[in-house]
Amino acid sequence: MKCRRCKALAAVALPSHHAGFCPDCFRKFFLKQVETAIRRKKMILPEDKILVALSGGKDSLALMEALTRLGYQPVGLHVDLKIPGSSDVARKTVEDFCSRRGLRLIVADMEEWGLPIPEVRRKVKRPICSICGKIKRHAFNRIALEQGFDVLATGHNLDDETARLFANTLRWDEAHMAGQSPSLPAENGFARKIKPLYRLSEFETAAFAFLTDIEYTTAPCPYSRGASFTAHKALLAQLEARSPGSKISFYEGFLERGRPAFQNRDSDKEQLAPCQYCGMPTSAGACGVCRVRQLLQQS
Amino acid sequence: MIFVRLEPESEDLTLPKPNTVLQLLNRLQLGRTQALVIRSGELLTPDRRIHDGDRIEIRKVTSAG
Ligand code: SF4
Ligand SMILES: [Zn+2]
Ligand SMILES: [Zn+2]
């Protein structure tokens, strides 16, 4: 197979684009997709301070790399959850990546925040992943707010987004469908949230990571119960294999024609006030995360 | 025979030589876009030939999460 652009030997074949690319042209193709996403969804304005959530996996690191190559100056944020067996590797991966490339990195250490996940897991009865997710989002929002970032970028790719949309659709979860977007405006004191990789598949981000020498971690979290979306991803992969391009048209079609219908329902807008402990916007006096922290301190 | 390293499981396999990358992926029940196929630091497209004695790394791309 030959590269579509320069006719050299192809390294990456993309059925959804009916094309193959050599390493150099693939990197250009990838960056162009990210640029298009940013432009079409008005994700980043000139002068915006950009914070990128870095987990140490391929997607977030590929995003950081792409933004840097596009001329932005993003700052990385890693949340160290203190989970034995996975957090150490993740933190080291992110630290090495940033220091090798001379990128600024902020590490939010959940031990220092009084929220180490293993202890949260012991003391709180609800499923750990939902609380852990809440704590991560809290840390991202709080650092963004306190340090004056305008945009918070995450590495969600097309497969993540379509799997989530598929799950939301199966349940006709109107509220979540109204809120699913690769670019959510700043609101209630939260920074704008963007997903610049939403047009790129997992395969494409993995190829980009490989072709830009990114070392990423795949160490699974010991608390993971086999990710909930994996089955949906497999179904969508079958569909995509049979008719290439279905994922992107499912998602783009939703953004254009599906989501507006759900947004119009004007879900009861909650009144938010700053949390009395951390200052983050919340509907109760103390936010959910501060209540977890108090629970840990009591016992 | 060829030697295959499967990631992220870090599993080593020895397999009879397939003709192409596509045949290899089929044998492992992987779709064309479910894994990167790497030989000597180079990414291979599904139409590439496989040679006897090749050492190949197969990196699945689906992240848990
Ligand atoms: S799998 Fe681990 S890191 Fe991910 S949300 Fe659950 S507890 Fe947190
Ligand atoms: Zn080329
Ligand atoms: Zn709080």
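Helices here are DSSP runs of H or I with at least four residues, strands are runs of E with at least two, and both are numbered from the N terminus. The model is predicted, so local features need pLDDT of at least 70 and side-chain atom pairs count only at pLDDT 80 or more, while totals for chains, interfaces and linings use all residues. Residues are numbered from 1 along each chain as its sequence is written, chains are lettered from A and ligands numbered from 1 in the order in which they are written, and side-chain values use heavy atoms, with hydrogens and water left out.

**Exercise 1. Helix 8 and what comes after it**

Task: Find how many residues of helix 8 of chain A are buried, and give the sign of phi at A:Asp213.

Solution.
Step 1. Start with the cut-offs: buried means under 20% relative accessible area, exposed over 50%, and partly exposed in between, with a 1.4 Å probe and protein chains only.
Step 2. Helix 8 covers residues 202-211, and 10 of its 10 residues are buried. Among them are A:Glu202, A:Phe203, A:Glu204 and A:Leu211.
Step 3. A:Asp213 follows helix 8 of chain A, and its phi is positive, near 55 degrees.

**Exercise 2. The two sides of helix 3**

Task: Check the length of helix 3 of chain A, then work out which residues are buried and which are exposed.

Solution.
Step 1. The expected span of a helix is 1.5 Å times one less than its number of residues. For the 15 residues of helix 3 (residues 87-101) of chain A this gives 21 Å, and the end C-alpha atoms are 21 Å apart, which agrees.
Step 2. The buried residues of helix 3 of chain A are A:Ser87, A:Ala90, A:Thr93, A:Val94, A:Phe97 and A:Cys98. Looking down the axis of helix 3 of chain A, these buried residues fall within an arc of 135 degrees, so they line one face of the helix. The arc is taken over the directions from the helix axis to the C-beta atoms.
Step 3. A general rule helps here: an α-helix has 3.6 residues a turn, so residues three or four places apart point the same way.
Step 4. A:Asp88, A:Ser99 and A:Arg100 are exposed on the face turned away from the buried side of helix 3 of chain A.
Step 5. With contact meaning heavy atoms within 4.5 Å, the buried residues of helix 3 pack against helix 2 (58-69), strand 4 (75-80) and strand 5 (105-109) of chain A.

**Exercise 3. Into the core**

Task: Find how many residues the largest nonpolar core has, and which residues A:Val12 touches.

Solution.
Step 1. A nonpolar core is a set of buried Ala, Val, Leu, Ile, Met, Phe, Trp, Tyr and Cys residues joined through side-chain atoms within 4.5 Å.
Step 2. The largest such core has 57 residues, and those with the most contacts inside it include A:Val12, A:Phe21, B:Leu36 and B:Leu43. Helix 1 (residues 23-40) of chain A gives the largest share of this core, 8 residues.
Step 3. Not counting residues up to four places away in sequence, A:Val12 touches residues including A:Phe21, A:Phe26, A:Phe203, B:Leu43 and B:Thr45.
Step 4. Now look at A:Phe29, which sits in helix 1 of chain A. A:Phe29 counts as buried, at 5% relative accessibility. The C-alpha atoms of A:Phe29 and A:Val12 are separated by 11 Å, though they are 17 residues apart along the chain.

**Exercise 4. Unusual backbone angles**

Task: Locate A:His18, A:Lys42 and B:Pro8, and describe the backbone at each.

Solution.
Step 1. Most residues other than glycine have a negative phi, and most peptide bonds are trans.
Step 2. A:His18 lies in the loop between strand 1 (12-14) and strand 2 (19-21) of chain A. Its phi is positive, near 45 degrees, and A:His18 is exposed, with a relative accessible area of 69%.
Step 3. A:Lys42 lies in the loop between helix 1 and strand 3 (50-53) of chain A. A:Lys42 has a positive phi of about 45 degrees and is exposed, with a relative accessible area of 64%.
Step 4. B:Pro8 is in the loop between strand 1 (2-7) and strand 2 (11-15) of chain B. The peptide bond from B:Glu7 to B:Pro8 is cis, with omega near 10 degrees.
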